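Here are my notes on the aromatic side chains of the model you sent, set out as numbered points. Please read them with the structure open beside you.

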Amino acid sequence: MIDRWGFVMRPQTIFLERIRGYYATATYRSYARLLLDIERVTACYGGGIGLPYFKLSDAFLDVLREEYIQERETGLAHFKRTMSVGARFWKFCEEEKWAKGLYGSNHKNRKYQINVPEEGFMHHPVMAGKVIWRVPRLPTHRDFELIEAAGMTLIKTPSLKRRFRLFCLILKTLALRRSEAARLNIASIPTKSQIARLRAQAEAGKKPWTVSIKILRSKRGGIRVAEFPIPLLEEIRDYIDRDRPKDVKGSSKHGPIFVSRKTGKQLGDQWVTNLFKRAARKAAAMHAREHGEMNLSEVRPHHYRHRGITDLIRGYLEAGKDSTEAILIVMQLVGLRSLDVIIGYLHLAEAETEDRTRADKEVAEKRAKKVTLDLVRIREALGTRRRYSK
């Protein structure tokens, strides 16, 4: 991290390097942006004179809250997330003895500039206010089709059209996060001949129709396994062999699958978000919505993950799996470790039922209620706390 004069901000840089080994790249970068934003605010303090981190105090944290909440009109959730990263940095500086009396709990023999309650920084007065996590609505498969069709009209090059369609198909089929799909590597995908053998074995009933592929985890780093259907692998391999060479010269045996034509480097996940937003706005303008239907302009790529997780759970339930078993299987498939988090992804009562009879709808509603009750029971047994609420 560099200041306005071009000098390295040593404590901040060392802190970021320290946490870099604990998180995935996307998470680490988001933390870096939040810390940088705090430094920008402190640099503008006093008419541009600035305020160094070792002079921060409880009073200045109130100034930060006013700047974020009132001046910038930032949401409370974003402010709390920013302050939590700042608190980690201030605690780090205190532990490394770069700052004396900066961050800690006041007691008779010691006073700190930032007084941390015994319960932790989340109970600091500056963090007051309850965040209500709004669970997004669930788009239908038809909604995704309309947006994808609009997205195809925004792209002129055929190979880039196929890239966009394939990326959406991966998100839709596997319920991956955007960054996990963007970081897929060629080396992890079987060759064309290997896929042909896998298909022949699956058709003969000797092997399943899915293949376990190792992918890089988006959050917390590490590697996890995702189950790729053979038809999806065929489409990915076809793109690698036919279209990817047009984006980058050289070997097609290694490196990221999705690369930029300009730089030849891996595409970030933001490209699909920007394109998807434009496509969603165009689809919303082209297709009128009826009462109760979701506004197409509100749909985002992350909704694929909500849709995929919901459909996976429904599929296992309809196949006769117990709700607890279905939940645990899907959590492993999509890389979730917390029951609190999967609650935010489940929309069983909201899932598509347009093509069902009234009796089928009643069965689906009863099944949704049972899964919700089972989740509550499991959470209570584990002593966890629900973070998502409607």
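The points below deal with ring pairs, an aromatic cluster and charges over rings.

1. The model is a predicted one, and the structure holds 14 aromatic pairs. For Phe15 and Phe89, the ring centres lie 5.5 Å apart and the planes meet at 65°, so this pair is edge-to-face, given that planes over 60 degrees apart count as such.

2. Phe15 belongs to helix 1 (residues 10–20) and Phe89 to helix 5 (residues 76–95), so their pairing ties together parts that are 74 residues apart in sequence. Both Phe15 and Phe89 are buried.

3. A further pair is made by Trp90 and Phe121, whose ring centres are 6.4 Å apart and whose planes stand at 75°, so this pair too is edge-to-face. Since Trp90 lies in helix 5, whereas Phe121 lies in the loop between strand 2 (114–115) and helix 6 (141–153), the pair ties together parts that are 31 residues apart in sequence.

4. Trp90 has a relative accessible area of 1% and Phe121 one of 7%; the cut-off for buried is under 20%, so both residues count as buried.

5. Phe15 and Phe89 also belong to one aromatic cluster, which they form with Tyr53, Phe54, Phe92 and Trp98.

6. Two arginines deserve a look as well. Arg163 lies over the face of Trp271, at 4.9 Å from the ring centre, while Arg305 has its charged end over the ring of Tyr345, 5.2 Å from the centre of that ring.

Technical notes: Residues are numbered from 1 along each chain as its sequence is written. This is a predicted model: local features need pLDDT of at least 70, side-chain atom pairs count only at pLDDT 80 or more; totals for chains, interfaces and linings use all residues. Side-chain values use heavy atoms; hydrogens and water are left out. Rings of Phe, Tyr and Trp (its six-membered ring) pair if their centres lie within 6.5 Å; planes under 30 degrees apart count as stacked, over 60 as edge-to-face and the rest as tilted. Helices (H or I, at least four residues) and strands (E, at least two) are DSSP runs, numbered from the N terminus. Buried means under 20% relative accessible area, exposed over 50%, partly exposed in between (1.4 Å probe, protein chains only). A charge sits over a ring if NZ of Lys or CZ of Arg is within 6 Å of the ring centre and within 35 degrees of the ring normal.
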